[in-house]
Amino acid sequence: MKKERVLSGMQSSGKMHLGNLVGALKNWVDLQDKYDCFYFVADWHSLTTGYADPSSIRESTNDLLINFVAAGLDPDKSTIFIQSMVPQHAELHLLLSMITPLGWLERVPTYKEKQENLENRDLSMYGFLGYPVLMTSDILIYRAQHVPVGIDQMPHLEISREIARRFNFLYKEEVFPDPEGLLTKFPKVPGLDGRKMSKSYDNAIYLSDTPEVVDQKIRTMMTDPARKRRTDKGDPELSPVFHLHKIFSSPEEIVEVAEGCRTAGIGCIDCKRVLIKNLFTYLEPIWARRAELIDNPKLVRDIAYKGSEKASHAAEETMETVRHCMGLR
Ligand code: TRP
């Protein structure tokens, strides 16, 4: 039986952090055996907000690819590629823009939100409004049924379904299946200051951080503010360190540090030492593979080229039908 298709992408705007790894990439890795997976670096998407300074996109794209493979995406199982290396996405974006009502795009909650939040950038651009159409093209061009994304991307997927239905309706053919969001059940990864880990909060642990930097970041990480002295009792739930324990430590260790915190049986440094040990165990294989890949740019290039060629082949199949439906060629 043919495996169902999964597709997901990540924007190449900045370095990847632990939140991206635990919240998204690890999940992609887990889906590889069950589905026919397509995973890509959305470099065009990063231009929708970063068009004025593209200087870091190339490097970010390369770093993301390295992280994909280092975290366990296997080019023999999944199709790993770069969006701009499969120009059919742009062709489909253009064609879908012909049938997408403006009102649908203006109503997407992230449209207004981002425009307001990123106030140092002028986002009154055509490309930014069309962001969900581009994302829709990424998904529909592979006729993917499942799209693993975070909750913030759900409104975009809603648009993708609407555009897919509108296309099928207008051209009287079931070309596109309805793409479903595959919500990941991972816990929110707290950053060093207790807020959600994000590069814009400057509270992240990056995959490119050296062990020394990770060690330093955890040592100075926020804990329960009630524990000013070693003898003060604390509430583990109020400490972001404990929330990281819940992700990276064993059940026994989690019980131990929680108990130690409540009774002041252990200090915050002791608690952090356990976390650092477990985080290192988790990250060490990824660090090792990152180092190998950084030393072997040819290998990374080959993965990107081969994957993009495979993706292009699959995309072309869909495009032939789409062109036909829309009176072209
Ligand atoms: N918009 C997504 C994000 O910022 C990235 C993305 C682009 C994507 N195209 C996609 C995700 C297609 C899933 C499917 O995270």
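A salt bridge is a side-chain nitrogen of Lys or Arg within 4 Å of a carboxyl oxygen of Asp or Glu. The model used in these exercises is predicted.

**Exercise 1. Test the pair Asp 63 and Arg 290 against the salt-bridge cut-off, then place both residues in the fold.**

Solution.
- Step 1. Find the distance. The N to O separation between the side chains of Asp 63 and Arg 290 is 3.2 Å.
- Step 2. Apply the cut-off. A salt bridge needs the two atoms within 4 Å, and Asp 63 and Arg 290 do form one.
- Step 3. Locate the partners. Asp 63 sits in helix α3, while Arg 290 sits in helix α13. They are 227 residues apart in sequence, so their bridge ties together distant parts of the chain.
- Step 4. Check the burial. Both Asp 63 and Arg 290 are buried.
- Step 5. Set the pair in context. The structure holds 16 salt bridges.

**Exercise 2. Decide whether Lys 217 and Asp 209 are buried or exposed, and find what joins them.**

Solution.
- Step 1. Recall the cut-off. Buried means under 20% relative accessible area.
- Step 2. Take Lys 217. Its relative accessibility is 18%, so Lys 217 counts as buried.
- Step 3. Take Asp 209. Its value is 10%, so Asp 209 is buried too.
- Step 4. Join them. A salt bridge links Lys 217 to Asp 209, with 2.7 Å between the closest N and O atoms.
- Step 5. Look for a further neighbour of Lys 217. The C-alpha atom of Ile 205 is 7.5 Å from that of Lys 217, though the two are 12 residues apart along the chain.
- Step 6. Describe Ile 205. It lies in the loop between β5 (180–183) and α10 (211–219). Its relative accessible area is 1%, so Ile 205 is buried.

**Exercise 3. Which residues are joined with Arg 323 into one salt-bridge network?**

Solution.
- Step 1. Start from one bridge. Arg 323 pairs with Glu 316, and their closest N and O atoms are 3.0 Å apart.
- Step 2. Compare the exposure. Arg 323 is buried at 6% relative accessibility. Glu 316 is partly exposed at 23%.
- Step 3. Extend the network. Through bridges with shared partners, Glu 91, Glu 316 and Arg 323 form one network.

**Exercise 4. Describe the largest cavity: its volume, its lining and the elements around it.**

Solution.
- Step 1. Count. There is 1 cavity of 30 Å³ or more.
- Step 2. Give the volume. The largest cavity holds about 90 Å³ of space.
- Step 3. List the lining. It has 13 residues, and those nearest the centre are Arg 227, Ser 239, Cys 261, Cys 268 and Cys 271.
- Step 4. Name the elements. Helices α11 (240–248), α12 (251–262) and α13 (268–294) each give two or more residues to this lining. The most come from α12, with 3 residues.
- Step 5. Sort by type. The lining has 8 nonpolar, 3 polar and 2 charged residues.

**Exercise 5. Do the same for the second largest pocket.**

Solution.
- Step 1. Give the volume. The second largest pocket has about 410 Å³ of space.
- Step 2. List the lining. Of its 17 residues, Asp 43, Ile 57, Arg 58, Thr 61 and Ile 82 lie nearest the centre.
- Step 3. Name the elements. At least two lining residues each come from α2, α3 (57–70) and α14 (297–325). The largest share is that of α3, with 5 residues.
- Step 4. Sort by type. This lining divides into 10 nonpolar, 4 polar and 3 charged residues.

Methods: Residues numbered from 1 in each chain as written. Predicted model: local features only at pLDDT ≥ 70, side-chain atom pairs only at ≥ 80, totals over all residues. Heavy atoms only, no water. 1 Å grid on protein atoms, 1.4 Å probe; cavity = no way out; pocket = protein on both sides within 12 Å on 5 of 7 lines; lining within 4 Å. Points joined across faces, edges and corners; volume = space filled by probe spheres on them. Helix = DSSP H or I, 4+ residues; strand = E, 2+ residues; numbered from the N terminus. Nonpolar A, V, L, I, M, F, W, Y, C, P; charged D, E, K, R; others polar. Buried < 20%, exposed > 50% of the residue type's maximum accessible area, 1.4 Å probe, protein only.
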